[in-house]
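User: Please take a close look at the empty space in this protein, both enclosed and open. I would like to know which residues line it and what kind of residues they are.

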Amino acid sequence: RGVRHGHEIEFLVNLLEPAERETVLRFFQASDRKLAIVGRLLARKACSEACGIPFDELQIKRTKGKKPFLANATPELPCFNFNISHEGGMVVLASEPSCVVGVDVCAVDQFGRRRDGSQQTLDEWMSLFDAQLTPHEWSEVQAPGLDDAGKAAVFRRHWSLKEAFVKARGDGLGFELGRAEFRTTRLDELSSRRSAEVIVDG
């Protein structure tokens, strides 16, 4: 069973371009390696389906900020944009035919976890990220009536919004997260879904 599993991973890795193969094989943990493989194959499938390019002819490159892009986009979709994120047991992809796009997923059981597997306290991780959220965002995290789980959920929402925003821009670590402030609005009373607007350097 282990041998068969190894052959399957090898087969999937070989579907990637050489540079991407090297990247995914650098992941130390097997679980992280699998998520990275799935994410990259998902991106290739999306590009192939949306742009009508054969899978083995796709040329996916990366910007200086490490954002992936389709280097041989078609004249019909010259600005096709996509982004992937993975954490825990989740892999997500977002794509857009004409606008820049970024996506982030935050696994509840992974957030705030130390290297040794233990969980940080709420106060610990809030102090670590003090400069990453604006005063307005912190006021939402610490809103009256929220218990620790509620505060953690609001923080993860703001954190994922910022990560997705930076990934859409393609800056990588060059953009300070505290420069972007997100304001969210519940779409309706019966759902937890929200719309968001961002203010930069405001």
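Analyst: The enclosed space is described before the open pockets. The model is a predicted one, and the volumes and linings below are computed from it.

Searching the whole structure for cavities of 30 Å³ or more turns up 1. The volume of this largest cavity is about 60 Å³. Its lining is made up of Leu-16, Glu-20, Arg-40, Ala-43, Arg-44, Ile-60, Arg-62, Pro-68, Phe-82 and Ile-84. Two or more of these lining residues come from each of helix H3 (30-51), strand E1 (60-62) and strand E3 (81-87). Helix H3 is the largest contributor, giving 3 residues. In terms of class, the cavity lining holds 6 nonpolar and 4 charged residues, with no polar ones. Among the charged residues in the lining are Glu-20, Arg-40, Arg-44 and Arg-62, while the nonpolar ones include Leu-16, Ile-60, Phe-82 and Ile-84.

Now the open space. The largest pocket has a volume of about 1500 Å³. It is lined by 40 residues, and those closest to its centre are Ser-85, His-86, Glu-87, Asp-104 and Glu-163. At least two lining residues come from each of H3, E3 and helix H6 (148-169). E3 has the largest share of this lining, with 5 residues. H3 and E3 therefore appear in the linings of both the largest cavity and the largest pocket, by the DSSP runs that set the elements. The classes in the pocket lining are 13 nonpolar, 13 polar and 14 charged residues.

The second largest pocket contains about 310 Å³ of space. Its lining has 16 residues, and nearest its centre are Ala-153, Arg-156, Arg-157, Ser-160 and Leu-161. H6, strand E5 (180-186) and strand E6 (194-200) are the elements that each contribute two or more residues here. H6 gives the most to this lining, with 6 residues. The lining divides into 6 nonpolar, 4 polar and 6 charged residues. Two of the charged residues are Arg-156 and Arg-157, both listed among those nearest the centre.

Helix H6 thus contributes to the largest pocket as well as to the second largest one, as its run is defined. To put the three linings side by side by class: the largest cavity has no polar residues, the largest pocket has 13, and the second largest pocket has 4.

Methods: Residues numbered from 1 in each chain as written. Predicted model: local features only at pLDDT ≥ 70, side-chain atom pairs only at ≥ 80, totals over all residues. Heavy atoms only, no water. 1 Å grid on protein atoms, 1.4 Å probe; cavity = no way out; pocket = protein on both sides within 12 Å on 5 of 7 lines; lining within 4 Å. Points joined across faces, edges and corners; volume = space filled by probe spheres on them. Helix = DSSP H or I, 4+ residues; strand = E, 2+ residues; numbered from the N terminus.
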